Every structure is written in C-alpha cells, then in structure tokens.
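Here is a short, informal tour for someone meeting this structure for the first time. Have a look at the sequence and the model, and then we'll walk through some of the features together.

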Amino acid sequence: MRPENQSSVSQFLLRGLPIQPEHQGAFFALFLGMYLTTVLGNLLLILLIRLDIRLHTPMYFFLSQLAISDISVSSVTVPKMLMNMLTQDHAIPYAGCISQLYFFIVFVCIDNLLLAVMAYDRYVAVCHPLHYPTIMREELCVLLVAGSWIFAFVHALLHTLLLVRVSFCAESIINHFFCDLTVLLKLSCSDIALNELVLFSEGGIVIILPLASVLGSYVHIVTIILRFPTTKRLLKAFSTCGSHLLVVSLYYGTIASVYFFSSSQDSKDIIASVMYSIVTPMLNPFIYSLRNRDIKQALEMLVNRAHFIT
C-alpha cells in the first residue's frame with residue numbers, strides 16, 4: 001500500500017489491443033465484422049427457436065438463453081474497443097469502467113452456468129430418454145435459467161462492491177481492451193487481500209462446480225454408451241452432445257489459459273480474452289447449427305416464408 005500515490009480516479013485509460021498503428025484499420029474492420037456476425041448469428045438463432053414450434057424444447061430453450069448471453073458479453077466489450085480504435089480516445093470514466101466490469105462478469109458467469117445446465121439436459125436425454133419429458137419439464141427449465149441469471153447478478157455484484165472499496169494509483173492505465181477484474185486489482189494502491197481471497201475462492205468455485213457438473217454428466221453419458229457400444233448409438237450420442245462438448249472445450253480452455261496458465265506477458269492474456277469474449281460467442285451459433293437438422297429445417301422454412309411474403 002502506497003498512500004502517497006493514491007488518488008480519486010475519475011477515469012481509466014484502456015491501452016487496448018497490442019496492434020501497430022498502421023494495422024489499426026484492418027483490425028477494426030476484422031473485429032467489426034466479427035461483432036456483427038456474433039449479433040446477427042445469435043439473433044437469427046433466437047428468432048428460429050422462437051418461430052419454429054419444433055424447437056420449443058428444453059435444449060433449444062437453453063440454447064436461446066446462451067445466445068442472448070453471447071450477444072450481451074460481446075456488446076459489453078467490443079463496441080467500446082472499436083470506438084477506441086476509431087477515435088484513438090482510450091479514456092473510460094470510472095463509473096463506465098465499473099459498469100462494464102459488472103456486466104461482463106454477469107454474462108461470463110451466465111455462460112458458465114448455462115453450459116452446466118445444458119450438460120445436465122444432454123445427460124438426461126442420453127441416459128434417461130424415456131423419462132426426459134417428465135424430468136425436463138417446463139417448470140424445471142424456467143427455474144434453472146432464472147436461478148442462473150439471479151446467481152450471476154449476485155456474483156457480479158459481490159465482486160463489484162469489493163472493487164469499489166479499494167483505492168487506485170494515479171497511474172490508471174489498464175493494459176487491456178476492457179475493464180477486467182484481475183487487471184484492475186493490479187492497479188490498486190490499497191489492500192486487496194479480501195478481493196483476492198473472494199476471487200480465488202468464490203470465483204474459483206463458480207468456475208469449478210459447473211465444470212465438475214459438465215464432466216460428471218459426460219462421464220455418465222460415456223459410461224452408459226460403453227455398456228452397449230454400437231455404431232448407431234455412438235453416432236446418436238455424438239450428434240446429441242458433440243456441439244455442446246465443442247463449445248465447452250472452447251469456453252473452459254480459454255478461461256483456463258487466462259486465469260490459471262497465463263504467462264507473464266500481458267499480450268497473451270489479451271489474446272486469450274479475445275477468444276472467450278469475442279471469438280467463442282461468434283462461433284457458437286455456427287457450431288450449434290451447421291450439423292443440426294432441426295435448425296437447418298427451421299432456417300429453410302424461414303427463407304421460404306420470406307420468399308412467399310415478397
């Protein structure tokens with residue numbers, strides 16, 4: 001703690017991505033395209049699920065919630081990053097930084113919880129197919145989603161309230177493209193022992209428990225399949241769980257690289273953050289739809305309906 005360096009910080013400076021000035025234009029176009037793809041792709045997925053009655057099932061209900069969260073997590077970070085690249089004004093007000101941090105934690109947490117809920121849904125579908133309609137009834141699905149959203153808001157509020165109690169040094173330059181919690185804690189000039197304790201205990205549990213739920217679900221699925229291994233059964237299990245398993249691998253792999261296996265070079269942390277806050281939300285609708293017959297049929301019906309109207 002260095003009292004002489006403490007000040008009432010009114011704004012932070014986001015250093016942004018480690019990009020050379022002559023390449024700013026190309027990367028601006030790239031990330032703008034990725035952001036628009038994320039928003040339009042996930043909105044289309046939500047629209048298809050809403051309009052096609054065949055998609056009114058628990059799996060697609062959870063998928064629509066994941067799509068909403070993916071749009072939100074990208075919208076929290078990418079527009080500000082693009083504005084900074086376009087105007088070269090890297091300042092962000094203190095209140096804006098805290099707000100960005102809060103909502104980023106909310107939507108990352110809800111992604112984490114929804115992946116666990118979807119894993120449980122796949123477990124019931126594969127291991128208890130005859131009881132699936134009675135287990136995954138509408139009331140339980142709504143309760144799981146509502147509980148996930150409420151927990152995410154409370155979880156984010158806890159870390160945000162702990163952060164606003166600390167003082168920041170006059171040198172308030174954030175070596176990142178958004179207000180990330182771990183980076184902000186490095187800028188603090190006051191005691192952050194409580195923040196770090198909560199971050200690595202409660203925050204770790206929020207990541208580890210859903211991950212354990214996902215792994216447990218797939219262990220049960222693999223166990224059931226291996227009891228009577230047939231080609232048809234393996235292909236059916238892969239078609240049912242393959243997309244979700246790929247998204248889980250992308251999500252947890254990038255989070256692990258940031259918070260557990262990151263090197264001392266901040267640029268590598270930023271690249272990993274780009275992966276789980278920009279790339280993964282963009283890929284999710286493609287991963288879930290390219291090999292999904294129901295989504296393809298719903299899309300064909302939507303296109304045919306649009307042609308009929310015109």
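A salt bridge here is a side-chain nitrogen of Lys or Arg within 4 Å of a carboxyl oxygen of Asp or Glu. By that rule the count is two salt bridges. Before we get to them, a word on what you're looking at: this is a predicted model, where local features need pLDDT of at least 70, side-chain atom pairs count only at pLDDT 80 or more, and totals for chains, interfaces and linings use all residues. Residues are numbered from 1 along each chain as its sequence is written, and side-chain values use heavy atoms, with hydrogens and water left out.

Here are the two salt bridges, with the N to O distance for each.

| Acid | Base | Closest N and O atoms |
|---|---|---|
| Asp 52 | Arg 54 | 2.8 Å |
| Asp 121 | Arg 122 | 2.6 Å |

How covered are these side chains? We'll call a residue buried under 20% relative accessible area, exposed over 50%, and partly exposed in between (1.4 Å probe, protein chains only). Asp 121 is buried, at 1% relative accessible area, and Arg 122 is buried too, at 8%. In the other pair, Asp 52 is buried at 7%, while Arg 54 is partly exposed at 39%.

Stepping back to the whole chain, buried residues make up 48% of its 310 residues. The accessible surface (Shrake-Rupley method, 1.4 Å probe; for residues, only the protein chains shown count as cover) comes to about 16,100 Å², and 69% of that belongs to carbon and sulfur atoms. As for the fold, you'll find ten helices and five strands; these are DSSP runs, numbered from the N terminus, with helices (H or I) needing at least four residues and strands (E) at least two. A contact means heavy atoms within 4.5 Å. Take the contacts between residues at least 6 apart in sequence: 79% of them join residues at least 24 apart.

Now for the inside. In soluble globular proteins, nonpolar side chains tend to be buried together. A nonpolar core is a set of buried Ala, Val, Leu, Ile, Met, Phe, Trp, Tyr and Cys residues joined through side-chain atoms within 4.5 Å. The largest one here has 92 residues, and Phe 12, Met 81, Leu 163, Ile 174 and Leu 184 touch the most other members. Which helix gives the most to this core? That is α3, with 22 residues. Leu 184 makes a handy place to zoom in: leaving out residues up to four places away in sequence, it touches Phe 12, Cys 97, Leu 101, Leu 163, Phe 168, Ile 174 and Cys 179.

Next up, the rings. Rings of Phe, Tyr and Trp (its six-membered ring) pair if their centres lie within 6.5 Å; planes under 30 degrees apart count as stacked, over 60 as edge-to-face and the rest as tilted. The structure holds twelve such aromatic pairs. In one of them, Tyr 94 and Phe 168 have ring centres 6.4 Å apart and planes at 70°, so the pair is edge-to-face. This pair links distant parts of the chain, with Tyr 94 in helix α3 (residues 94-127) and Phe 168 in strand β4 (residues 168-169), 74 residues apart. Tyr 94 is partly exposed at 23%, whereas Phe 168 is buried at 3%.

Tyr 102 and Phe 103 also pair edge-to-face, at 5.1 Å centre to centre with 80° between the planes. Tyr 102 is buried at 17% relative accessibility, and Phe 103 is partly exposed at 37%. Both belong to a cluster linked by ring pairs, together with Phe 107, Trp 149 and Phe 153.

Finally, the sheet. Two strands pair if DSSP finds at least two bridges between them. Three strands form an open sheet in the order β3-β2-β5, with mixed pairing. β3 (91-93) and β5 (173-174) stand at the edges with a single partner strand each, so one side of each has no neighbour in the sheet. Strand β2 (residues 11-14) pairs with β3 in the antiparallel sense over three bridges, and β2 and β5 run parallel, joined by two bridges. Leu 13 has a bridge partner on either strand: Ala 91 in β3 and Ile 173 in β5. Gln 11 stands opposite Pro 93 in β3. On β2, Phe 12 and Leu 14 make up the covered face, while Gln 11 and Leu 13 lie on the uncovered one.
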